[in-house]
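Work through these short exercises with the model on screen. Try each task before reading its solution.

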Amino acid sequence: MPKPKVFLLGWTGAQRKHVEKYASVYEAHGLETECVVDHCPMFVSELPRLSTLDAVATRVAEAAEAWVATGGKIVFAFFSNGGAFLWLRTATKLAAANVPVSALIIDSAPGHLLSLRFAFNFWWEAVPSPVSRAGLVLL
């Protein structure tokens with residue numbers, strides 16, 4: 001039977017070397033890890049659009065589904081806003097495919113994921129143009 005696998009979903013601005021430090025903790029306990037940072041640009045103007053998040057979420061969900069198909073268990077650990085946004089998109093795909101998640105580890109989350117503040121932040125970071133973001137501020 002395969003080892004459990006932990007998917008680490010990085011924060012906005014995360015670099016692979018930083019997320020790999022967290023991965024080393026899990027690996028020291030005998031777990032497989034996968035660090036996901038390709039959705040984590042540093043500057044707001046570079047934040048991914050929803051289509052980009054969906055592409056990354058689809059890839060992560062497919063990898064998780066393949067791991068479960070081999071008899072392994074999966075764990076997700078996400079960090080801050082960047083990881084939370086990706087987790088929500090990935091979780092939707094996992095639920096649609098009936099892929100069981102053994103555990104969810106939340107590290108420095110932005111607050112309640114269903115809160116108005118979280119929804120505004122998600123909308124804010126998903127808006128591609130500075131002019132549109134200025135419009136959100138006026139709202």
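## Exercise 1: Trace the fold

Task: read along the sequence and find which pattern the protein chain follows.

Solution. The pattern is β-α-β-α-β-α-β-α-α. It is built from 5 helices and 4 strands. Helices (H or I, at least four residues) and strands (E, at least two) are DSSP runs, numbered from the N terminus. This is a predicted model: local features need pLDDT of at least 70, side-chain atom pairs count only at pLDDT 80 or more, and totals for chains, interfaces and linings use all residues. Residues are numbered from 1 along each chain as its sequence is written, and side-chain values use heavy atoms, with hydrogens and water left out.

## Exercise 2: Order the sheet

Task: work out the strand order of the sheet, then state which strands stand at the edges.

Solution. Step one: the order is S2-S1-S3-S4, in an open sheet of 4 strands with parallel pairing. Two strands pair if DSSP finds at least two bridges between them. Step two: strands S2 (32-36) and S4 (103-107) stand at the edges. Each has a single partner strand, so one side of each lacks a neighbour in the sheet. Step three: from one strand to the next, the twist averages 15°. Axes here are lines fitted to C-alpha atoms, for helices over the stretch in contact, and angles run from 0 to 180 degrees between N-to-C directions.

Now take one pair. Strand S1 (residues 5-9) joins S2 in the parallel sense over 5 bridges. Phe-7 stands opposite Glu-34 in S2.

## Exercise 3: Add the helices

Task: find what helices H1 and H3 touch.

Solution. Contact means heavy atoms within 4.5 Å. H1 (residues 16-28) packs on the sheet and touches S1, S2, strand S3 (74-79) and S4. Its direction makes about 165° with that of S2. H3 (residues 80-96) also packs on the sheet, touching S1, S2, S3 and S4. The direction of H3 makes about 145° with that of S3.

## Exercise 4: Look inside

Task: find which element gives the largest share of the largest nonpolar core.

Solution. A nonpolar core is a set of buried (under 20% relative accessible area, 1.4 Å probe, protein chains only) Ala, Val, Leu, Ile, Met, Phe, Trp, Tyr and Cys residues joined through side-chain atoms within 4.5 Å. Of its 19 residues, Leu-9, Val-60, Ile-74, Phe-76, Leu-86 and Leu-94 touch the most other members. S1, helix H2 (50-69), S3 and H3 each give two or more residues. The largest share, 7 residues, comes from H2. A second, separate core of 12 residues includes Val-6, Cys-35, Cys-40 and Phe-79.

Conventions
Buried < 20%, exposed > 50% of the residue type's maximum accessible area, 1.4 Å probe, protein only.
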